[in-house]
Amino acid sequence: MTGLHTETIPLVDETQLRVTIGEPDGAVRGGVVVLHESRGVTSRTQAIVEALAGEGWLAVAPHLYHRDDPGIDDQTGDAEAADRAAAAISGESVLADSDAAFGMLADRGVPSDRMAVLGFDLGATAALVVAAQRSLGAVITVSAAGVEEPLSAGLPALLDVVGELTCPWLGLYGERGDPVDPAEVDRLREAAHASGRVVDVVVYPSREHRFDADEQAAVQPDPLDEGDSEEATKMEARSRVLNWLDAHLR
C-alpha cells in the first residue's frame with residue numbers, strides 16, 4: 001500500500017503551496033510532478049498520484065490555485081469558481097509551483113534527469129510550459145490545449161513554446177470530446193520537432209481524451225490498473241505513459 005498525503009510548503013511570495021504526495025513502498029525509481037486539470041486536485045488527480053507511486057515513482061501534485069482560491073479543491077462542483085481560478089493561472093505561477101515540487105523531489109534524492117512532469121487538460125498546457133523552461137527527463141500531456149491561442153491571459157500559446165522543449169514529449173489526445181482540433185495537434189507536433197527532442201503525439205480515433213477514472217463514479221478505480229479494461233484505449237494509453245517514464249527516466 002502506497003502512502004498518499006498532503007503537505008504545505010511556504011513559497012518566496014509568502015503564499016502557502018499545498019502538495020499531494022504519493023510515496024512508493026520500496027525504492028524510488030524517479031519522480032513525477034502531476035499538474036492537475038481545471039477543477040483542481042480532485043479524486044482523479046489523487047488516483048493518478050497514488051497509481052504512479054504504486055509503480056515506484058515518487059509523485060507530487062502541487063495545488064496550483066492556492067494564490068487566488070485555496071479552497072477550490074474542495075469546491076470542484078463549482079464550475080464558475082474553477083473557471084475563475086483557471087483563468088488566473090500564469091506561466092510564472094506554474095513555474096514557481098512546479099519548482100517547489102521539483103525541489104521536494106531533489107531533497108529526496110531524485111536528480112533532474114529522473115524527473116518528469118505529467119499534466120491533464122489545463123495541467124497539460126502548463127506541463128509543456130514547464131518542460132520548455134526546465135531541464136527534465138520527460139514530459140507527458142493529456143489534451144494540452146491553447147495551441148494557437150493562449151488558454152489564459154497569463155499562459156503562452158503552445159506553438160510559441162514547444163520548439164524549446166528540453167526533454168522527450170509524449171502527447172495524448174482523443175478525437176471525440178477533446179477541445180483541441182486534430183489539425184492544431186498536427187501543427188503542434190510539427191513545431192515540437194524543432195526542439196530536437198523525441199516527440200510522440202498520439203490522437204486516439206473515436207475516443208475521449210481522458211483514460212483515467214470518471215470523477216463522478218462512486219468507486220474510483222486505479223487509473224493505471226491494467227485490469228480496468230473497459231476500453232482498449234485505456235490500457236494502450238496506460239502502457240504508453242508507463243513505458244515513456246521507463247524509457248526516459250534513467
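User: What share of the 250 residues in the chain is buried?

Analyst: Start with the cut-off: buried means under 20% relative accessible area, exposed means over 50%, and partly exposed lies in between, with a 1.4 Å probe and protein chains only. Here, buried residues make up 54% of the 250 residues. Bear in mind that this is a predicted model, where local features need pLDDT of at least 70, side-chain atom pairs count only at pLDDT 80 or more, and totals for chains, interfaces and linings use all residues. Residues are numbered from 1 along each chain as its sequence is written, and side-chain values use heavy atoms, with hydrogens and water left out.

User: Thanks! Which secondary structure elements does the chain have, and in what pattern?

Analyst: Helices (H or I, at least four residues) and strands (E, at least two) are DSSP runs, numbered from the N terminus. This chain has six helices and eight strands, and along the sequence they follow the pattern β-β-β-α-β-α-α-β-α-β-β-α-β-α.

User: In what order do the strands sit in the sheet?

Analyst: Look for pairing, which requires that DSSP finds at least two bridges between two strands. The eight strands form an open, mixed sheet in the order E1-E2-E4-E3-E5-E6-E7-E8. Its edge strands are E1 and E8 (199-204), each pairing on one side only.

User: How do E1 and E2 pair, parallel or antiparallel?

Analyst: Antiparallel: eight bridges join E1 (residues 3-10) to E2 (residues 16-23). One pair to find is Glu 7, whose bridge partner in E2 is Val 19. The two strands form a hairpin with five residues between them, and Glu 14 in the turn has a positive phi of about 70°. For a parallel pair, turn to E3 and E4, joined by four bridges; there Gly 31 has Leu 58 in E4 as its bridge partner.

User: Why is strand E6 described as largely enclosed?

Analyst: Check burial residue by residue along the strand. Five of the five residues of E6 (residues 138-142) are buried, so the strand is largely enclosed by the rest of the structure. Both faces are covered, with Ala 138, Ile 140 and Val 142 on one side and Val 139 and Thr 141 on the other.

User: Which strands does E6 pair with?

Analyst: E5 (residues 115-120) runs parallel to E6 and is joined to it by five bridges, with Gly 119 opposite Thr 141. Between these strands the chain passes through helix H4 (residues 122-131), in a right-handed β-α-β crossover. Right-handed means that, with the strands pointing away from the viewer, the path from the first strand over the helix to the second runs clockwise. E6 also pairs in the parallel sense with E7 (residues 169-174), over four bridges, and Val 142 has Leu 172 as its bridge partner in E7.

User: How does the span of H3 agree with its number of residues?

Analyst: The expected span of a helix is 1.5 Å times one less than its number of residues. For the 17 residues of H3 this should be 24 Å, and the end C-alpha atoms are 24 Å apart, which agrees. Just after H3, Gly 109 takes a positive phi of about 90°.

User: And where is Ser 98, and is it buried or exposed?

Analyst: Ser 98 is in H3 (residues 91-107) and counts as buried because its relative accessibility is 0%. Contact means heavy atoms within 4.5 Å. Leaving aside neighbours within four places in sequence, Ser 98 is in contact with Leu 35 and Val 130. More broadly, the buried residues of H3 pack against E1, E2, E3 (30-35), E4 (57-62), E5 and H4.
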